Each structure stands twice: as structure tokens, then as C-alpha cells.
Amino acid sequence: MSLRRQPTIPDISDLARGIGAGERAVIARAITLIESHQKAALRLVQELLPSTGKAIRVGITGAPGVGKSTTIDALGTFLTGKDHKVAVLAVDPSSARSGGSILADKTRMPRLSGDANAFVRPSPSSGTLGGVAAKTRESMLICEAAGFDVVLVETIGTGQSETMVADMTDFFLVLMLPGAGDELQGLKKGVIEIADMLAINKADGDNINRAKAAAAEYRAALQILNPRSPNWSTPVVTYSALTGAGIAKLWDTVLEHRERMIKAGELEARRREQQVKWMWAMLEERVFARLKSDPILKAKLPRIEAAVAAGRMSAVLAVEEIAVALGV
């Protein structure tokens, strides 16, 4: 009889030293570790914590097809050209049936993937609520401890991903396409309210006038919404990820926002709030993990689900029974 070999957990102190030295293989190995081993992840993050928090954290979202990866490739390359070290955490959609993930972001970011001053890490969402990989926050801290001074977090742009990314970054960028008429009708108010900037992509060639028209419509729409911060009015800019036009202005806006937030004390306050939200998110994750792993609960759940589906038990009573079994 053969025994299944247990995965070897690397020495946490050695990992931390390698991360601090910016060793790319060690960084990748550390992110893989936190995605697969909870207790080791806790120890590693705690050890790295004093070396984190100095990077500019930017969340980037937008509907599929808007050009998120192309934009990040252009923006990241612009930043490395300005002597920044850029880490990209790109969440790929996982198959709802197989759990598999395309993980194609590296092919969509050809320049950045080969840049010595950049680190691109695609991670599968694996069914995580909102399409944000469960360990994105920890991955971000690892990248900061490795000396990356800009961290870009790309979401798949569906579900609750926008809110989740806004809750872990300093600046939230929402990308749009020209032709605002139809898009404006279907635009989720919540996304606009948490956006720190709207950027209209593909403002090149015959699209330039359409992009300008779209920007005007979005600016008008923003007038009737309450801004996310009393110290910042959400701007609308146009740019082209293809030609690079407007990329410099886009980044200047991120820096202007940061300067204002620091001056008003809002950046520090936002990060404190994010830490508390991270705590609650991890607690929810721990409780849900117990639902899946506890043998007694696993045995009860099919019966409870069947009773709810058949109308013999209300959802309220079912939740109460599960909560009692959990001891909460």
C-alpha cells in the first residue's frame, strides 16, 4: 500500500528572505503556497507585514472586451519605463463545470510579461464570489514585500468583483468603450459610485469622436451621483491602449488622486477600513470552508437542501439548523 506524499512546506524565513531579495521564482512559489496552504500563508504574511504597504495599489475593471489586459500591458510598460517595478495580479475566469482556468493573461500582455521590472501573475477565480481570487490580498502583500511599488489588480468585470477590488486597492479604475448611449443605459450605478476614474478606451482612428462623445455623456451622468470621496470628483478621460495615447495622463490622474488622499488623511483611513473588511472576508471564508470539510455537516447538508427544495423546510429554518451545527 502506497501512502500519499504530503506536500513539502518551504521554510518561511527562507521564503521571506527570497521575497525581500526580489527573486522571481521565490515570489511565484510563495503565491502558490498561500493559494494552497492556509497555515503557512498566515505565518508568511505575518512575517512580511512590516515590509508591505508602500506600493500604489490600483484596481482595474471593465466589461469583457473593453481591453483590460491590453491597457495593463500599455500602462505597465509605461511605468517600467519610468523606473517603477510593476506587479500585475490578474484574475482569470474559472470554468463553473471543471474549475479550470484559461490563464491567458500573459499572452495578452506580451511586453509586460517579458519585462524584467514587471511580474505578471494570473490566478484562477475558482468560483470565488465576484471573480477575485481568494488570496489576491495576500499575493499583493508578497509583491509589495518584494519591492514592487505599483500593484495592478485586474478583475474579470462580473458579479461583485468591482466592489471586492475597490475594497483592496487605493485607486479604482473603470474602463469603458466608445458609444456610451447603450452602455450608459445598462451601467450599474454601484460601479460608477465606487470608481475613482472612468477611462474610455480605443480613442483612436475613427473612434476618437465617439470616445469624446462617450466621455461627455459619462461626465453628465456623474453629476447626479454622490462621489466616493469628498476630496475627489471622478474624472472621465479618453485613451488608446493600442497607440498609448492618453496613458501618461491616465497615470498622472492616479498620482493626483493619491496626493489628495494622503493630504486629507483619507488614504490611511481607507487602508485601515480595508484591513477590517479583509478580516471579515477571511472569517466568512473560514466558516464556509468548514461547511465543506466538516463530515457531520457534509452529511446533513444534502438532507437540508432536499427539504428546502421540496418545500418541507423554509430557507430561514434551514439556515438556523446549519448555524446551530456550526455552533454560531
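**Entry 1: K202**

I began with K202, which counts as partly exposed at 34% relative accessibility. For the term itself I noted: buried is under 20% relative accessible area, exposed over 50%, partly exposed in between (1.4 Å probe, protein chains only). The model is predicted, so I kept in mind that local features need pLDDT of at least 70 and side-chain atom pairs pLDDT 80 or more, while totals for chains, interfaces and linings use all residues. Residues are numbered from 1 along each chain as its sequence is written, and side-chain values use heavy atoms, with hydrogens and water left out.

I found K202 in the loop between β6 (197-200) and α11 (208-222). Helices (H or I, at least four residues) and strands (E, at least two) are DSSP runs, numbered from the N terminus. The phi of K202 is positive, about 65 degrees, although K202 is not a glycine. I wrote beside this that most residues other than glycine have a negative phi.

**Entry 2: D83**

I looked up D83 next, since D83 also is not a glycine and has a positive phi, here about 70 degrees. D83 sits in the loop between α4 and β2 (86-92). Is D83 buried or exposed? I read a relative accessible area of 71%, so D83 is exposed.

**Entry 3: the whole chain**

I then took the totals. The protein chain has 15 helices and 7 strands. Of its 328 residues, 46% are buried. Its accessible surface comes to about 17100 Å², and carbon and sulfur atoms hold 56% of that; accessible areas come from the Shrake-Rupley method with a 1.4 Å probe, and for residues only the protein chains shown count as cover. I also checked contacts (heavy atoms within 4.5 Å). Among those between residues at least 6 apart in sequence, 76% join residues at least 24 apart.

**Entry 4: strand β1 and its partners**

I went to β1, residues 56-62, and found 7 of its 7 residues buried. In a regular strand the side chains alternate between the two faces of the sheet. In β1, one side holds I56, V58, I60 and G62, the other R57, G59 and T61, and both sides are covered.

Which strands pair with β1? Strands pair if DSSP finds at least two bridges between them. I found 5 bridges from β1 to β4 (residues 150-154), running parallel. There, I56 has V150 as its bridge partner, and G59 has V153. I found another 5 bridges from β1 to β5 (residues 171-176), again parallel. On that side G62 is bridged to L175.

I checked β4 for cover as well: 5 of its 5 residues are buried, so the rest of the structure largely encloses β4. V150, L152 and E154 lie on one side of β4 and V151 and V153 on the other.

**Entry 5: F119 and T80**

I located F119 in strand β3 (residues 118-124). F119 is buried, at a relative accessible area of 6%. Which residues does F119 contact, leaving aside neighbours within four places in sequence? I listed R24, I27, A28, I31, V86, A87, V88, C143 and F148. K85 is 34 residues from F119 in sequence, and their C-alpha atoms are 8.3 Å apart.

T80 belongs to helix α4 (residues 68-80). T80 is buried too, with a relative accessible area of 9%. Not counting residues up to four places away in sequence, T80 touches V86, L112, D115, N117 and A118. V86 appears in the contact lists of both F119 and T80.

**Entry 6: G179**

I found G179 in the loop between β5 and α9 (180-186). G179 is partly exposed, at 30% relative accessibility. G179 and R210 are 31 residues apart along the chain, with 5.9 Å between their C-alpha atoms. Beyond neighbours within four places in sequence, G179 is in contact with R210 and A214.

**Entry 7: helices α12 and α13**

I closed with α12 (residues 247-264) and α13 (residues 266-293), whose axes come within 5 Å and cross at roughly 85 degrees. The axes are lines fitted to C-alpha atoms over the stretch in contact, and angles run from 0 to 180 degrees between N-to-C directions. The crossing makes α12 roughly perpendicular to α13; that class covers 65 to 115 degrees, against under 35 for roughly parallel, over 145 for roughly antiparallel and the rest for oblique.

I noted H257, R258, M261, I262 and A264 on the α12 side of the contact, and E266, L267, R270 and R271 on the α13 side. These residues divide into 4 nonpolar, 1 polar and 4 charged. The classes are: Ala, Val, Leu, Ile, Met, Phe, Trp, Tyr, Cys and Pro nonpolar, Asp, Glu, Lys and Arg charged, the others, Gly among them, polar.
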